[in-house]
Amino acid sequence: MSSAILLRPATCASVTTTTAATIVSAKTTFSGLLAAPGFHRNRTCTTICCSMDGGGAMPAAHIGGFLSKKRYDPPLWASHLRPVPSHTFSLGHLPTPIHRWNLPNLPEDTELWIKRDDLSGMQLSGNKVRKLEFLMADAVASGADCVITVGGIQSNHCRATAVAARYLNLDCYLILRTSKVLADRDPGLIGNLLVERLVGAHIDLVSKEEYAKIGSVTLADLLKKKLMDQGRKPYVIPVGGSNSLGTWGYIEAIREVEQQIHNSCGEFQFDDIVVACGSGGTIAGLSLGSRLSSLKAKVHAFSVCDDPTYFYNFVQGLIDGLEAGFDSHAIIDIQDAKGLGYAMNTAEELQFVKDVAAATGVVLDPVYSGKAAYGMLRDMTDNPTKWKKRKVLFVHTGGLLGLYDKVEQMTSLVGNWQKLEIEESIPRKDGTGKMF
Ligand SMILES: Cc1ncc(COP(=O)(O)O)c(C=O)c1O
């Protein structure tokens, strides 16, 4: 579809009202899916969010819970997968909420919900935190004193890894890909770079050409060897944290959704899950979890970089690495949403991000969730019957710091401002003598 997806103003977003909540009192067991004490059941189900206990949940529920190491017990429906990780670190603020997302221009009878994984934390945020809970536990268990990972210059994964490493007292080495002309210059402090540099990550820049020629695995190995020669014990985390171990992060997310559904509406069911795909680990976990659990929702991935064929093969490798026994084609639908290319946006896509924010208050990142939501609405516009009467869960995977890289392009899109007119004679009323 060539035409831009433009949203009508906020008036067309019908807001479902939230009714009084009732408190459900019941015991929580992690596998038993019982409602948690203090959980607020919302009768109209505009929000699904709950307290949970057990693996991955409620890290901040007790003092010292956040950042603590925990034994990992997989959901029963995933207990046959191999290998099963033994531990995780509580790094995310989980569970993340699910609420109605009244995007304008949805097809008739399509019900859209959004899982706010962008709220899984601030510096250590988005989808990466779920993978890192497993990967960092493995790094610490292996006796590493530092981690190495690789990504684009505004990689959210690299920023999240840098923060997680600092929390766990590991050094972090990042190999960041940038353009040839910028590869031997100070990368600056925009977006993710500011956080990475504040937490003291070591940054090595490579050009896109070098990256394409050598590949991320060899680049990480080169740095690993260099660090080992210096007596260090590095642990390599692959691009995007996407390996079979990281896949457990989104298998766990499915358990979280399953439990949220059970705790709130009981009979409620999602038909589809929609998410961005960049390195493949998120969709591998979601699709495998959805198929194995009671969810059985169809996972639709919108690829923001490589082609669908690449991702079907890549995901196949990840789920084979867990001895899952599924064909990736049978459990995911992958569509191309890369548009101009990775991290590049058309004016329409940026306008879409702006319109979604203005209509719903949800700020998408332009590189991942923005393209996925744009692709989803395009598909809904092109194939309305495919989405009719479906209950769709869109997973917002975060990445908001990357938005700062688009400031120049977005300047013309954002709201107006003006200098407040103030008459000189107007006296001050509050706190005379106080500066502000
Ligand atoms: C904000 C954000 N959303 C989505 C993705 C895609 O997830 P995955 O790499 O697991 O495919 C990434 C990373 O690639 C990301 O940083």
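Start with the whole protein chain in view: buried residues make up 45% of its 436 residues. Keep in mind that this is a predicted model. Colour by secondary structure and you should find 13 helices and 15 strands in the chain. Now think about contacts between residues with a separation of 6 or more: 76% of these in the protein chain join residues 24 or more positions apart.

**First stop: proline 85**

Select proline 85, which sits in the loop between β4 (69-71) and β5 (87-89). Is this proline buried or exposed? Proline 85 has 20 C-beta neighbours inside 10 Å, so it counts as buried. Next, show what surrounds it. Setting aside neighbours within four places in sequence, proline 85 is in contact with Tyr72, Phe134, Ala137, Leu245 and Trp248. To see how the fold brings distant parts of the sequence together, add glycine 246 and draw a C-alpha to C-alpha distance: proline 85 and glycine 246 are 9.8 Å apart in space, yet 161 residues apart in sequence.

**Second stop: α1 against α6**

Now select residues 128-141, helix α1, together with residues 244-264, helix α6. Two packed helices are described by the angle between their axes and the distance between the axes. Here the axes lie 7 Å apart, and the packing angle is about 140°. The two helices α1 and α6 are therefore oblique to each other. The crossing of α1 past α6 is right-handed.

Show side chains along the contact. From α1, pick Arg130, Lys131, Glu133, Phe134, Leu135 and Asp138. Their partners in α6 are Leu245, Gly246, Trp248, Gly249, Tyr250, Glu252 and Ala253. Coloured by class, this α1 and α6 contact shows 6 nonpolar, 2 polar and 5 charged residues. Phe134, Leu245 and Trp248 will be familiar, as they are among the contacts of proline 85.

**Third stop: α6 against α7**

Keep α6 on screen and add residues 281-292, helix α7. How do the axes of α6 and α7 cross? They come within 7 Å and cross at roughly 45°, which makes α6 oblique to α7. This crossing, too, is right-handed.

For the contact itself, select Gly246, Thr247, Trp248, Gly249, Tyr250, Ile251, Ala253 and Ile254 in α6. On the α7 side, choose Gly281, Thr282, Ala284, Gly285, Leu286, Leu288, Gly289 and Ser290. Colour these by class as well: the contact of α6 with α7 has 8 nonpolar, 8 polar and no charged residues.

Definitions and conventions:
Residues are numbered from 1 along each chain as its sequence is written. This is a predicted model: local features need pLDDT of at least 70, side-chain atom pairs count only at pLDDT 80 or more; totals for chains, interfaces and linings use all residues. Axes are lines fitted to C-alpha atoms, for helices over the stretch in contact, and angles run from 0 to 180 degrees between N-to-C directions. Helices (H or I, at least four residues) and strands (E, at least two) are DSSP runs, numbered from the N terminus. Angles under 35 degrees count as roughly parallel, over 145 as roughly antiparallel, 65 to 115 as roughly perpendicular and the rest as oblique. A crossing is left-handed if the near helix is turned anticlockwise from the far one by less than a right angle, and right-handed if clockwise. Two residues are in contact if their C-beta atoms, placed from the backbone, lie within 7 Å. Ala, Val, Leu, Ile, Met, Phe, Trp, Tyr, Cys and Pro count as nonpolar, Asp, Glu, Lys and Arg as charged, and the others, Gly among them, as polar. A residue is buried if 20 or more other C-beta atoms lie within 10 Å of its own, exposed if 12 or fewer, and partly exposed in between; C-beta atoms are placed from the backbone.
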